[in-house]
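Visitor: I am new to this structure and should like to be guided through it. May we begin once it is on display?

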Amino acid sequence: MENPRIAVIGAGLMGTGIAQVILEAGFHVSLVDVSADQLENSKGKIYSFLNRKVEKGEIDKEYVNSCIERFTTFNSFESVTDTEFVIEAVPERLELKKQIFKKLDEVINQNAIFISNTSGLSISDIASVTNRPEQVIGMHFFFPVPKMGLVEIIKGVLTSDFVYDKVKKLSEQIGKNAVDAPNYPGFLVNRVLVPMINEAIYCVMEGAKPEDVDAAMKLGANHPMGPIQLADFVGLDTLLATMQGLYEGFRDSKYRPCPLLINLVEGGQLGRKTGRGFYTYK
Ligand code: NAD
C-alpha cells in the first residue's frame, strides 16, 4: 500500500525541515502556508537540499523526481482533503495555534490525527478547542530537522493509545528516535538544557569569562559545545522566552531568567543572528 498523505501547516524553519524528511521517507506531502513567499522559499530549499544529496551520491535523480511528484503546496488548508496526519508548525503563540486547530477540526477528515510541533505549549490546551482531543498529540522536532535524530512525543490528557502508537510508528518511518515527554513546560530537552544554560549565564554575570565557562563544560563534562556558545547559537531571545515559559508554567523560582540574559535581550544583543551576543561574530 502507498504511504499516506501528510499535511504540514507552516512553511518556516521547522515546517520546511519536517516536510523534507517526510518526503524523503516516501510520504505524500501537502505543505500549507498563508505566505506564498514562504512556500516558494521552502520549496527552493527542499529541492536544493535534495539535489545536493544527488551530487554527494546519497540518493539518485529518480528519487528526487519521485519526491517532487509527491509534493504539493497550498495557500490554505481548506484545500487539503483526505490526509492521515496534520503536522502544525506555525509560530509559538497559543491563541494562533488554537485558532488553527479549531479550523482544521472543521475542514479536515474526521479520522485525521493532529500533531503540534510546539516547543512547550500544553497539548491538552491546544486539543481542547477540537472535537477530537483524543486524536491530538505533540511531536517536538529539533532544528535542523534533517540532521537531528530526536523527536519528543507528548500526549495530552485525552490522547488515545491508538494515536500514540500511530505517531510512534510514524517517527520510526521517518528515521527519528522517539522519547515520551510529559505534557509540562519545556518537555524533556528544554526543561533540562535551558536552565543549565541560564545557570552558565549566572556564572558570567558573577564574573566568570564566557571562554572559561565554555572550556569548563567542554573539557570537564564532555559537552560538544560550551553553554555560552550554545546560547549565542540558539538566540538569546529564544532562550529568554523558554525560561519565562518554565518560570510561569511551574511558578518555581529555580526557573527565574538570569538578569544578564534579560539585559542583553533588552539591548538587542541576541547572539549569532544579530552579530553580537556573549561573543562577537563577523
Ligand atoms: P517560523 O516563523 O520560521 O515559521 C512559521 C511559519 O508559519 C511561517 O512561514 C508563517 O508564514 C506560517 N504561518 C503563520 N500563520 C499561519 C497560518 N495561519 N496558516 C499557515 N501558516 C501560517 O517558525 P519556526 O521556527 O518554524 O517554528 C514553528 C514551530 O516550531 C513553533 O511552535 C516553534 O516553537 C516550534 N519549534 C521551533 C524550533 C526552532 O528551532 N526554530 C525547534 C523546535 C520547535
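Guide: A residue is called buried under 20% relative accessible area, exposed over 50%, and partly exposed in between. Please note that the model is predicted.

Visitor: Is Asp-125 buried, partly exposed or exposed?
Guide: Buried requires a relative accessible area under 20%, and exposed one over 50%. The relative accessible area of Asp-125 is 28%. This value falls in between, so Asp-125 is partly exposed.

Visitor: With which residue does Asp-125 form a salt bridge?
Guide: The closest N and O atoms of the pair are 2.9 Å apart. Asp-125 sits in helix H5 and its partner in helix H4, 27 residues apart in the chain. The partner is buried, with a relative accessible area of 16%. The residue is Lys-98.

Visitor: Are Asp-105 and Arg-132 buried or exposed?
Guide: The side chains of Asp-105 and Arg-132 meet in a salt bridge, 2.7 Å from N to O. Asp-105 belongs to helix H4, whereas Arg-132 lies in the loop between H5 and E6. As for accessibility, both residues are buried.

Visitor: Which parts of the chain does the salt bridge of Lys-168 and Asp-180 tie together?
Guide: The N to O distance in this salt bridge is 3.9 Å. Lys-168 lies in one element and Asp-180 in another, so the pair ties together parts that are 12 residues apart in sequence. Lys-168 is partly exposed at 27% relative accessibility, and Asp-180 is partly exposed at 45%. The parts are helix H6 and strand E8.

Visitor: Which residue has a polar side-chain atom 2.6 Å from an oxygen atom of the ligand?
Guide: Two backbone contacts may be set aside: a polar backbone atom of Leu-13 is 3.0 Å from a ligand oxygen, and a backbone N or O atom of Val-90 lies 3.3 Å from one. The residue sought is also linked with Glu-88 and Lys-97 in a network of salt bridges. Its side chain provides the contact at 2.6 Å, and the residue is Glu-92.

Visitor: How many nonpolar residues are in the shell around the ligand?
Guide: The ligand is surrounded by 21 residues, and helix H1, helix H4 and strand E6 each supply at least two residues of this shell. Of the shell residues, 7 are polar and 3 are charged. The nonpolar residues number 11.

Visitor: How far apart are the C-alpha centres of domain 1 and domain 2?
Guide: The domain assignment places domain 1 at residues 5–181 and domain 2 at residues 190–273. The distance between their C-alpha centres is 29 Å.

Terms used. Residues numbered from 1 in each chain as written. Predicted model: local features only at pLDDT ≥ 70, side-chain atom pairs only at ≥ 80, totals over all residues. Heavy atoms only, no water. Near = heavy atom within 4 Å. Polar contact = N/O pair within 3.5 Å; in protein donor to acceptor, adjacent residues only side chain to side chain. Helix = DSSP H or I, 4+ residues; strand = E, 2+ residues; numbered from the N terminus. Nonpolar A, V, L, I, M, F, W, Y, C, P; charged D, E, K, R; others polar. Domains from an automatic or database assignment. Salt bridge = Lys/Arg side-chain N within 4 Å of Asp/Glu carboxyl O. Buried < 20%, exposed > 50% of the residue type's maximum accessible area, 1.4 Å probe, protein only.
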